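Biologist: I have a structure here that I would like to understand from the inside out. Could you go through it with me, one question at a time?

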Amino acid sequence: MDFNLKLLFTFFFFTVSLFSGQGSAGGYYSNRHHRSHRLRATKLFVFGDSYVDTGNILVPFSSAQQFPYGITFPGKPSGRFSDGRVLTDFAGKHLGVKSPIPFSIRNEVGEERLKESGINFAFGGTGVFDTSVPLPNMTTQIDLFEQLRHAESGLSNRDVHLSVALVSVSGNDYSFYLATNGSAQAVAVAELGY
């Protein structure tokens, strides 16, 4: 199987594992406490596309900034490609942390809000690789996270260690490949490994 497709499946498996209790969300234990005393996640960091984007696309003419998006939650269009909550909101609730703030507005909400929730780096329409949407792909999103960690952001190593990363990869890489004259047969062959 091609390395790039293996990477896609690894991200998918990680996301599925996270919510089935097999991944890192349930895996942090303290050596100083009894093993049944699980440490609670302190923050959620999100990487991906529209399935987890909580409002990073601030462009006024974006469809995510227009009706009907957001009418169920938060009550108006907010840059989410959803009528209501997205996977990120449910993950945060499951972990007992606030839904992370969108990277695009991190400077507007202040350092205290960052300290209590984490950051969402996901941008709708993007993928692991470049797509037709000229926004940060997965590699760039991870680079943004690294830059933020090394800046004076208030994120301690302990915060990062006790945090959970949600990685969501949907169909944008595949649809971009097919839209640029790739074949569905080549995708199926690569997925099956022959």
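Biologist: Setting aside residues up to four places away in sequence, which residues does Phe145 touch?

Modeller: Happy to start there, with the note that this is a predicted model, in which local features need pLDDT of at least 70, side-chain atom pairs count only at pLDDT 80 or more, and totals for chains, interfaces and linings use all residues. Residues are numbered from 1 along each chain as its sequence is written, and side-chain values use heavy atoms, with hydrogens and water left out. A contact here means heavy atoms within 4.5 Å. On that basis Phe145 touches Phe45, Phe47, Phe121 and Val160.

Biologist: Which helix gives the most to the largest nonpolar core?

Modeller: A nonpolar core is a set of buried Ala, Val, Leu, Ile, Met, Phe, Trp, Tyr and Cys residues joined through side-chain atoms within 4.5 Å, where buried means under 20% relative accessible area with a 1.4 Å probe, counting protein chains only. The largest one has 16 residues, and Phe145 is among those with the most contacts inside it, as are Phe45 and Met138. Both β1 and α5 (138–150) supply at least two residues. With 4 residues, the top contributor is α5.

Biologist: How many residues does the other core have?

Modeller: This core lies apart from the largest one, and its members include Ala41, Leu44, Val97 and Val164. In general, nonpolar side chains tend to be buried together in soluble globular proteins. The number of residues in this other core is 10.

Biologist: Which residue in β4 is the bridge partner of Val46?

Modeller: Helices (H or I, at least four residues) and strands (E, at least two) are DSSP runs numbered from the N terminus, and two strands pair if DSSP finds at least two bridges between them. Strand β1 (residues 44–47) has both faces covered, with Leu44 and Val46 buried on one side and Phe45 and Phe47 buried on the other. It pairs with β4 (residues 164–167) in the parallel sense over 4 bridges. In β4, the partner of Val46 is Leu166.

Biologist: Why does Ile57 count as buried?

Modeller: Ile57 lies in the loop between β1 and α2. Leaving aside neighbours within four places in sequence, its contacts include Phe81, Phe123 and Leu135; Leu135 is 78 residues away along the chain, with a C-alpha separation of 8.8 Å. Ile57 counts as buried because its relative accessibility is 8%.

Biologist: Which residue meets Asp89 in a salt bridge?

Modeller: A salt bridge is a side-chain nitrogen of Lys or Arg within 4 Å of a carboxyl oxygen of Asp or Glu, and the structure holds 1. Both Asp89 and its partner are buried. At 2.5 Å, N to O, the partner of Asp89 is Arg80.

Biologist: What is omega for the cis peptide bond between Phe73 and Pro74?

Modeller: Pro74 lies in the loop between β1 and α2, and so does Pro68. A cis peptide bond also joins Phe67 and Pro68, with omega about 10°. For Phe73 and Pro74, omega is about 5°.

Biologist: Where in the chain is confidence lowest?

Modeller: The pLDDT, the predictor's confidence in each residue from 0 to 100, averages 76 over the chain. Over residues 1–37 it is below 50, and where pLDDT is low, the predicted coordinates should not be read in detail. Confidence is highest in β1, at 95, and lowest, at a mean of 46, in helix α1 (residues 3–20).

Notes
Buried means under 20% relative accessible area, exposed over 50%, partly exposed in between (1.4 Å probe, protein chains only).
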